[in-house]
Amino acid sequence: MRVLHLLVFSGLLFGIFYNAPQNLLPANLIQLRASWFGPGEFRKRPASAEIEIPSINTEDICHPEVANWRKSFRIDDVEIDSAEDCRPDNPWDVAAAVKGTNNVSMSTLHQSLFAPDAIEKSQDRDGDGDPDLIEIRLEVMEINGNSPDIKGPVPEFEIAPGVTPGFWIFVPKSRGMSTVDFESNIANRFMRMPGPAIRVEQGDEVRITLENTHYLPHTIHFHGVDHPFKNPQGDGNDGVPLFSEHPVMPGEKKTYWLKPRHAGTMFYHCHVQPQAHILMGLQGMFIIEENRPDNWVQTINIGAGRVRAPSQAVKEQFDREFDMHYLEVDKELNNQIQNFNDPRLISRAVHRRYNVTQRQADYFTLNGQSFPYTMRDSLLIMEENQRYKLRVLNGGSEGLSLHIHGHKPTITHRDGVALSASQREQRDVFWLSSAQRLDLSIDTTNDGLNAYGPGAWLVHDHREASVTTNGIGPGGGVSLLVYKNYLTEPGLPKNVMGAAGLATFFSEKYYAGDIPVLAQMDPESFSEPVTDNQFTFSALRSPLFFVFSVAFICGLMVTVWVWRRD
């Protein structure tokens, strides 16, 4: 009887294996079934089952209310360049970052998000027309965390449609709500990853106060920046717990003292449990500009990207300047903060249970976002016959293989150190190790070497995983070097498929894996396959099918006969 039961059970398993829909079987079993019975025949997908490709309104993506921000401004005697970006920086934020929150009008301050003491500039000590004492206040905040009162991450900052990994971030001291308004869960424009790019002038006395508004201790280490080990008061000044100083505990504050003598592109980050805190997003670019007369630099550049008020030294050589900050994200680490509200449980999950040696990146970001959101505020918008400066930072733990299509930039600085004429290299792939910085010069002269001519040229990390979001492409830190005549009116790059070409990627369903990646090219050929069993009657001729079927029928008949006899 046991043999008969075994035959029946085997037959049932075979029936399930043979008839199961392909979307319910792992790939190896689908391949095994095809090797036994042959591949299924093609069947056209029913029209009723077609997946609808989303449509978008590009004006909604670019937010019509910020369209006015794209023009050039003169605010409180600060010249702010025009910006063609879909979502340009708020010009009043830029003005306050240049003049200091203590030197702008109340009207300008009210139209920015800065607290009155966020950036204070004073004391023209060398008489060259610009301030030499710079005081900056930073806070530590959390985005895409957990709340017992609100469903979903709070405050919400998407790096791509529907993708909200948790982050800890440095934020310039601000006023008002962390969300855009009382009715929204969306983070305000200051609440984003990475921390702001900070600019000061060579020789300035810089005091940076960390006001720890977070629930865990933190510090700031100024990586590559000229600073003494102790500040003038004799306190630790390197940001390294245990050896330099005590970390800044929740609710406390600490002031770091710098007077950098060397110009260059540097890095700042937390040094408490750096294997976790840096990768949680506590990092930003730190730039020391060359000293020039009347040099009011843009001290804060929110989220990096285009610099709308370049320094005097930059304007001497370049037409525009861009900050490019790359970081890869492991959701196993970053999403821990979405599971708990107790700091003890979060600390245990992040500092003890997460094993960084087994880290695997799921998301790749440029200036805190992934494609297609990089199209909104991280495009490199250029014109012919001009020169542009790119400051590039790899803030992640993996290497970065930066490739810019259609152009061969020149490396002018590495890790904040200027290269001699003989050391400079012109190439189209640049390798940056973890924490490394490169300054690149792009000449858009169409000569076949520097540039190949106008277009919408791809900019990306050439490691294949990095152009995906959770394994689905296109995604990651993909951007474009795009000439102005290749931009649409709202500030998005033109593409061969029009608005519909970008529509698919601005849908949460795409990065959830619910939309076929090639469907927009040819829905008839590349739509979702039929999900029922695609094996047809031709498979009945298989000897294995015959053996299993006979065994199942015989076993079932004998089982029924024995049952009726008993």
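# A walk through the predicted model, starting at M324

At 3% relative accessibility, M324 counts as buried, because the cut-off for that class is a relative accessible area under 20%. The model in which this residue sits is a predicted one, and M324 itself is found in strand 14. Leaving aside neighbours within four places in sequence, M324 is in contact with M285, L366, N367, L380, L390, R391, V392, L393 and V459. A further spatial relation links M324 to G305, since the two are 19 residues apart in sequence while their C-alpha atoms are 6.0 Å apart in space.

Several of these residues reappear when the nonpolar cores are considered. In soluble globular proteins, nonpolar side chains tend to be buried together. The largest nonpolar core here has 79 residues, and those with the most contacts inside it are F114, I208, I220, F222 and F286. A second core, separate from that one, has 23 residues, and L366, L402, L440 and V459 are among them. Within the largest core, I208 can serve as an example: not counting residues up to four places away in sequence, I208 touches I136, L138, I220, F222, K254, T255, Y256, L258 and F286.

Where do the strands around L440 lead? L440 is the bridge partner, in strand 22, of L390, and strand 17 (residues 387-394) is joined to strand 22 by 7 bridges, the two running antiparallel. Strand 22 also pairs with strand 19 (residues 410-414), again in the antiparallel sense, over 4 bridges, and in that pairing T410 stands opposite S441. Of the 7 residues of strand 22 (residues 437-443), 6 are buried, so this strand is largely enclosed by the rest of the structure.

Strand 14, which holds M324, also takes part in a charged contact. The side chains of E321 and R199 meet in a salt bridge, at 2.7 Å from N to O. Because E321 lies in strand 14 (residues 320-329) and R199 in strand 6, the pair ties together parts that are 122 residues apart in sequence. Both E321 and R199 are buried, and both belong to a network of salt bridges that links R199, E289, E321, D323, K389, R391 and D439. R391, one of the residues in this network, is also one of the contacts of M324.

Strand 6, in turn, leads to a sheet. This is an open sheet of 5 strands in the order 8-10-11-6-12, with mixed pairing, and its edges are strand 8 (221-223) and strand 12 (300-301), each of which pairs on one side only. Strand 6 (residues 197-201) and strand 12 run antiparallel and are joined by 2 bridges, with I300 in strand 12 as the bridge partner of I198. F222, already named for its contacts in the largest core, lies in strand 8, whose residues are 221-223.

The structure holds 33 salt bridges, and two further examples show how such pairs connect separate elements. D81 forms a salt bridge with R306, the closest N and O atoms being 3.8 Å apart. Since D81 lies in the loop between strand 2 (78-80) and helix 4 (91-99), and R306 in strand 13 (residues 305-306), the pair ties together parts that are 225 residues apart in sequence. The two partners fall in separate accessibility classes, as D81 is partly exposed with a relative accessible area of 29%, whereas R306 is buried at 6%. E120 and R137 form another salt bridge, in which the closest N and O atoms are 3.2 Å apart; here E120 lies in strand 3 (residues 119-122) and R137 in strand 4 (residues 133-143), so the parts tied together are 17 residues apart in sequence. E120 counts as partly exposed at 21% relative accessibility, and R137 counts as buried at 16%.

On the surface, V496, M497, V517, L518, M521 and F526 form a nonpolar patch with about 600 Å² of accessible area together. L518 is found in the loop between helix 12 (508-511) and helix 13 (523-526), and its relative accessibility of 36% means that L518 counts as partly exposed.

These details belong to a chain of 566 residues, of which buried residues make up 53%, and whose secondary structure comes to 14 helices and 24 strands. Among the contacts with a separation of 6 or more, 71% are between residues 24 or more positions apart. The accessible surface of the chain comes to about 25300 Å², and 55% of that surface belongs to carbon and sulfur atoms.

Definitions and conventions: Residues are numbered from 1 along each chain as its sequence is written. This is a predicted model: local features need pLDDT of at least 70, side-chain atom pairs count only at pLDDT 80 or more; totals for chains, interfaces and linings use all residues. Side-chain values use heavy atoms; hydrogens and water are left out. A nonpolar core is a set of buried Ala, Val, Leu, Ile, Met, Phe, Trp, Tyr and Cys residues joined through side-chain atoms within 4.5 Å. Buried means under 20% relative accessible area, exposed over 50%, partly exposed in between (1.4 Å probe, protein chains only). Contact means heavy atoms within 4.5 Å. Accessible areas come from the Shrake-Rupley method with a 1.4 Å probe; for residues, only the protein chains shown count as cover. Two strands pair if DSSP finds at least two bridges between them. Patches are made of residues with over 30% relative accessible area and no salt bridge: like charges are joined within 9 Å, nonpolar side chains (Val, Leu, Ile, Met, Phe, Trp, Tyr) within 5 Å. A salt bridge is a side-chain nitrogen of Lys or Arg within 4 Å of a carboxyl oxygen of Asp or Glu.
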